[in-house]
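Here is a short report for a reader meeting this structure for the first time. Please look over the sequence and the 3D view before reading on.

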Amino acid sequence: MKYRPYLIELCFLFLIPAVHAQTRIMVGSAFGDDTFGNTKMGVMAAAELPFGHRYEFDLRDTFSPLESHTGLGRGTANIVQATGIVWLSKSFGVTGSVEYSTYNVTILHKGAYYPWAGPIFRFMLLGTPVRLDLDYLRQVRNGINHNGIETSRMQGGRVGISARV
């Protein structure tokens, strides 16, 4: 049987009126599960800051007070993400992000950096603005020493879908 890793994450973001008309401030919730039985549930805050006609800078923070890792225990996690986007047309652009992810569970504490880049698409689906990005992702530093249980060699594809409610 072939091993097929997966990561499922659902994020629900609700728009909050902002001072600047183009700036979007959002809060919401995030739920996730992956191949190894790791689960998370938490709160998310995000800001989308467009500038010029084609540029955007996004910030996102997700705090998970209910983090569970199979064999390692339960605890908390936090993910901070910064993203730059250049919109080449109204519905297509390129994006680059860096994320710092950390968790503190019963057995260990881990922090890791994940940069990724790729194309991004935006469109309307049932009256809701949707973004789809397809990225190459790589872990560059995982915060566990070289004799630990993980390496910094993780790399692969990432599909991100977000919709504003």
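## Terms and ground rules

A residue is buried when its relative accessible area is under 20%, exposed when it is over 50%, and partly exposed in between, using a 1.4 Å probe and protein chains only. This is a predicted model, in which local features need pLDDT of at least 70, side-chain atom pairs count only at pLDDT 80 or more, and totals for chains, interfaces and linings use all residues. Residues are numbered from 1 along each chain as its sequence is written, and side-chain values use heavy atoms, with hydrogens and water left out.

## The chain as a whole

The protein chain has nine strands and zero helices. Both kinds of element are DSSP runs numbered from the N terminus: helices are H or I with at least four residues, and strands are E with at least two. Read along the sequence, the pattern is β-β-β-β-β-β-β-β-β.

The chain holds 165 residues, and 33% of them count as buried. Its exposed area is about 10,300 Å², with carbon and sulfur atoms supplying 65% of it. Such areas come from the Shrake-Rupley method with a 1.4 Å probe; for residues, only the protein chains shown count as cover. Contacts, meaning heavy atoms within 4.5 Å, often span the sequence: of those with a separation of 6 or more, 43% join residues 24 or more positions apart.

## Arg131 and its surroundings

Arg131 sits in strand 8, which covers residues 128-138. Is Arg131 buried or exposed? Arg131 counts as buried because its relative accessible area is 9%.

Leaving out residues up to four places away in sequence, Arg131 touches a list of residues that includes Arg24, Ile85, Trp87, Phe121 and Gly160. Ser162 is another residue that Arg131 touches. The C-alpha atoms of Arg131 and Ser162 are separated by 5.3 Å, yet the two residues are 31 apart along the chain.

The side chain of Arg131 also makes polar contacts. These are pairs of N or O atoms within 3.5 Å; within protein, one must be able to donate a hydrogen and the other to accept it, and residues adjacent in sequence count only if both atoms are side-chain atoms. One joins the side chains of Arg131 and Glu56 at 2.8 Å. Another, at 3.4 Å, runs to the side chain of Asp58.

## Salt bridges

A salt bridge is a side-chain nitrogen of Lys or Arg within 4 Å of a carboxyl oxygen of Asp or Glu. By this rule the count comes to seven. Arg131 and Glu48 form one of them, at 3.8 Å from N to O. That pair links distant parts of the chain, with Arg131 in strand 8, Glu48 in strand 3 (residues 39-51), and their positions 83 residues apart. Both Arg131 and Glu48 are buried.

Arg131 forms a salt bridge with Asp58 too, and the closest N and O atoms are 3.4 Å apart. Here strand 8 is linked to strand 4, and the two residues are 73 apart. Asp58 is buried because its relative accessible area is 11%. Which residues are linked in a network of salt bridges? They are Arg24, Glu48, Glu56, Asp58 and Arg131.

Another salt bridge joins the side chains of Arg158 and Asp135, at 2.7 Å from N to O. Arg158 lies in strand 9 (residues 155-163) and Asp135 in strand 8, 23 residues apart. Arg158 is partly exposed, at 24%, whereas Asp135 is buried, at 6%.

## Other places to look

Thr62 is in strand 4, residues 55-69. Its relative accessibility is 11%, so Thr62 counts as buried. Among the residues that Thr62 touches, beyond those up to four places away in sequence, are Ala30, Val43 and Ile79.

Leu126 lies in the loop between strand 7 (109-125) and strand 8. Leu126 is exposed because its relative accessibility is 84%. Leu126 has a positive phi of about 55° although it is not a glycine. Most residues other than glycine have a negative phi.

Val80, Val98, Tyr100, Tyr113 and Val140 make a nonpolar surface patch of about 400 Å². Patches are made of residues with over 30% relative accessible area and no salt bridge: like charges are joined within 9 Å, and nonpolar side chains (Val, Leu, Ile, Met, Phe, Trp, Tyr) within 5 Å. Tyr100 is found in strand 6, residues 92-105. Tyr100 is partly exposed, at 33%.
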